[in-house]
Amino acid sequence: MNERFRAGVAGAAGAVVAFGLAEFVHGLYQLVPSIFVSLAQGIIELTPGGFATRAIETLGQADIPILVASTIIGALVLAALLSILSLRRPVTAIMLVGLLAVVALVAAFSQPFVSPAATVVTVIGALVMGAAVTTFLQNVSGLRAGEPVAPPPEAAPSEPAMEGVRVREAHSSGGISVGRGQFVVLSGAAALAGLAAAGTGRALSGGGGADSAQPKALDLAGSSDKNSGDGSKKPVTHEKLPAVPKDASIDAPGMVPLVTPAKDFYLIDTALSSPRIDVDRWSLKVKGAVENEVEFSYKDLLSMSTRESDVTLSCVSNEVGGGLISNGRWTGVMLSDVLAEAGVKRENISRASEQLVGRSADGWTGGFKTDIALDGREALVAFGLNDSELPIKHGFPVRLVVPGLYGYVSATKWLTELELTNWNFDAYWIQRTWTKQGPIKTQSRIDTVKDGDDFSTGKIGVGGVAWAPHKGIERVEVSTDDGETWNEARLAAQLDEDTWRHYIYDWDAKPGDYTVQVRATDGEGVTQTKETAKPHPNGASGYHTIQVSVA
Ligand SMILES: Nc1nc2c(c(=O)[nH]1)N[C@H]1C(S)=C(S)[C@@H](COP(=O)(O)O)O[C@H]1N2
Ligand SMILES: [Mo]
């Protein structure tokens, strides 16, 4: 092993220890954010618009492992290079480590709910420990001659980062060195210790695990009589929807459930790890161009009138035929009721209050016309999904759900603020070149038959879902001849005009190769466009088209 290689290994081992320690502290104390996640998140935020639209529009899906892997590799390579540099130019190396501390702190402080002092101590402590381990490994492998054998890093946490400065006589003879085998063992041990610390930290903080934990059942009993003494207030009610009617679903192999189970609900956001919010400290502010700013606690919200509402949510990044769409039964307070408390009414919307911006605990924003919140549709400040609290990943404790709008302009998760402002403000994805208004395009998808399927002659049920949230679906047609002729599909009962609708066409298939397509017509009589478009900048369009063979 040559000198550089050993120095590189020493640096990488030190980095593992530094990250491990920081991750461990994060596990013990959540107000110290995960430095690793903060850095990766920083990369996302700094990604410029054009690139971001392609690279991270489906974050929460396949891109996360790539991002995480590149962040890890990047950090290890950087540490290795710093270690090599430190042999020749220790002072420069130390200054660069200092710069890393600043970068890590900036990233950490952009996370929600950060304890400043503890975070500073953690970052500096972790870097000092990492540098100590690196220096120790450099020493024992003879890369830094003239130093006495340092005790193991666990026993020597004091001022080791400075050690490099004192090593002037690096080329003098002597110095204690261990053999190659021992160097490998020591480096491996350091890295393992770091990994163990990181693993423990992850386990303590419930990284991943708690996200998938079963959300608690909603319990609104007892929160109802709050305002009853006040004669001026309308009585508080908790409206439940009747059970989903049987005839609203078509039961066929491959059909998706009409109401998506929370665990299967599509997931899209820019948060590498979901903000964990303590409901007792959470509040929702309504501010900006309002008559009076108001602030709601979680209890305040639950003691208002609540309702359930069936709403299909879709992501603008959904490709034709794609799965970034789900249908939920949401529980919450009407957004219009929340706004009314701040004096916002449809009649008094002005240019200054034309836009309603939802802001998340993690800083994400989504904005839409204030009028949409007040035009009667069941836009909710939601705290429940399918009779349970919101899952952490889907916005616990409170999010927005607005029928008819894509999620990127409307469905703010981990909601902490509603701000009334003018139309000039550009929310998160608008800054990244997606269009300002995001009405969901009328669309349909074939689910029961897949592209490339082979069938034998006979009846084939071509079915799936069609949606035009807030307009409803009036008709769905299926073509088996590449759009030459269209056959009316059978529709299930419409659960709600805000939700998708099941359809099926019983196709009597003869032998041959077929191009099968579907198209939907919304409640206003408008058929979805045949024109194909990519998701960027305002949603995909075109007919879902598949090829099948019948023999
Ligand atoms: N805080 C926050 N809210 C957010 C997002 C986000 O990145 N951060 N993404 C939005 C987008 S683009 C969509 S499509 C929906 C997805 O909601 P879901 O993950 O619950 O399906 O959330 C919206 N709300
Ligand atoms: Mo989205």
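A salt bridge is a side-chain nitrogen of Lys or Arg within 4 Å of a carboxyl oxygen of Asp or Glu. In this predicted model, aspartate 447 forms such a bridge with arginine 445, their closest N and O atoms being 2.7 Å apart.

**Salt bridges**

Side chains of opposite charge can pair when their charged atoms come close. A search of the whole structure finds 19 salt bridges, and three of the pairs are set out below with the distance between N and O atoms.

| Acidic residue | Basic residue | N to O distance |
|---|---|---|
| Aspartate 447 | Arginine 445 | 2.7 Å |
| Aspartate 375 | Arginine 377 | 2.8 Å |
| Aspartate 264 | Lysine 263 | 3.2 Å |

The surroundings of these pairs can be described through the relative accessible area of each partner. Aspartate 447 counts as buried, because its relative accessibility is 6% and buried means under 20%; arginine 445, with a relative accessible area of 5%, is buried as well. In the pair formed by arginine 377 and aspartate 375, the arginine is buried at 11% relative accessibility, whereas aspartate 375 is partly exposed, with a relative accessible area of 27%. Where lysine 263 and aspartate 264 meet in a salt bridge, lysine 263 is exposed, because its relative accessible area is 71% and exposed means over 50%, while aspartate 264 is partly exposed at 44%.

Salt bridges also join residues into a network, whose members are Lys287, Arg359, Glu417 and Glu419.

**The surroundings of ligand 1**

Turning to the bound molecule, the space taken by ligand 1 is the largest cavity. Ligand 1 is surrounded by 19 residues, of which Tyr266, Thr270, His394, Arg399 and Lys413 are the closest. Sorted by class, this shell is made up of 10 nonpolar, 5 polar and 4 charged residues.

Several polar atoms of the protein lie beside polar atoms of the ligand. An oxygen atom of ligand 1 lies 2.8 Å from a backbone N or O atom of threonine 270, a residue that is also listed among the closest to the ligand. A nitrogen atom of ligand 1 is 3.1 Å from an N or O atom in the side chain of serine 360, and a nitrogen atom of the ligand is 3.0 Å from a polar backbone atom of alanine 411. How much of the ligand's area does the protein bury? Taken alone, ligand 1 exposes 540 Å², and the protein buries 99% of that area.

Definitions and conventions: Residues are numbered from 1 along each chain as its sequence is written. Chains are lettered from A and ligands numbered from 1 in the order in which they are written. This is a predicted model: local features need pLDDT of at least 70, side-chain atom pairs count only at pLDDT 80 or more; totals for chains, interfaces and linings use all residues. Side-chain values use heavy atoms; hydrogens and water are left out. Buried means under 20% relative accessible area, exposed over 50%, partly exposed in between (1.4 Å probe, protein chains only). A residue is near a molecule or strand if one of its heavy atoms lies within 4 Å of it. A polar contact is a pair of N or O atoms within 3.5 Å; within protein, one must be able to donate a hydrogen and the other to accept it, and residues adjacent in sequence count only if both atoms are side-chain atoms. Accessible areas come from the Shrake-Rupley method with a 1.4 Å probe; for residues, only the protein chains shown count as cover. On a 1 Å grid over the protein atoms alone, a cavity is a set of points where a 1.4 Å probe fits but cannot get out, and a pocket is an open set with protein on both sides within 12 Å along at least five of seven lines; lining residues have an atom within 4 Å of a point. A molecule sits in a cavity or pocket if more than half of its atoms lie within 2 Å of its grid points. Ala, Val, Leu, Ile, Met, Phe, Trp, Tyr, Cys and Pro count as nonpolar, Asp, Glu, Lys and Arg as charged, and the others, Gly among them, as polar.
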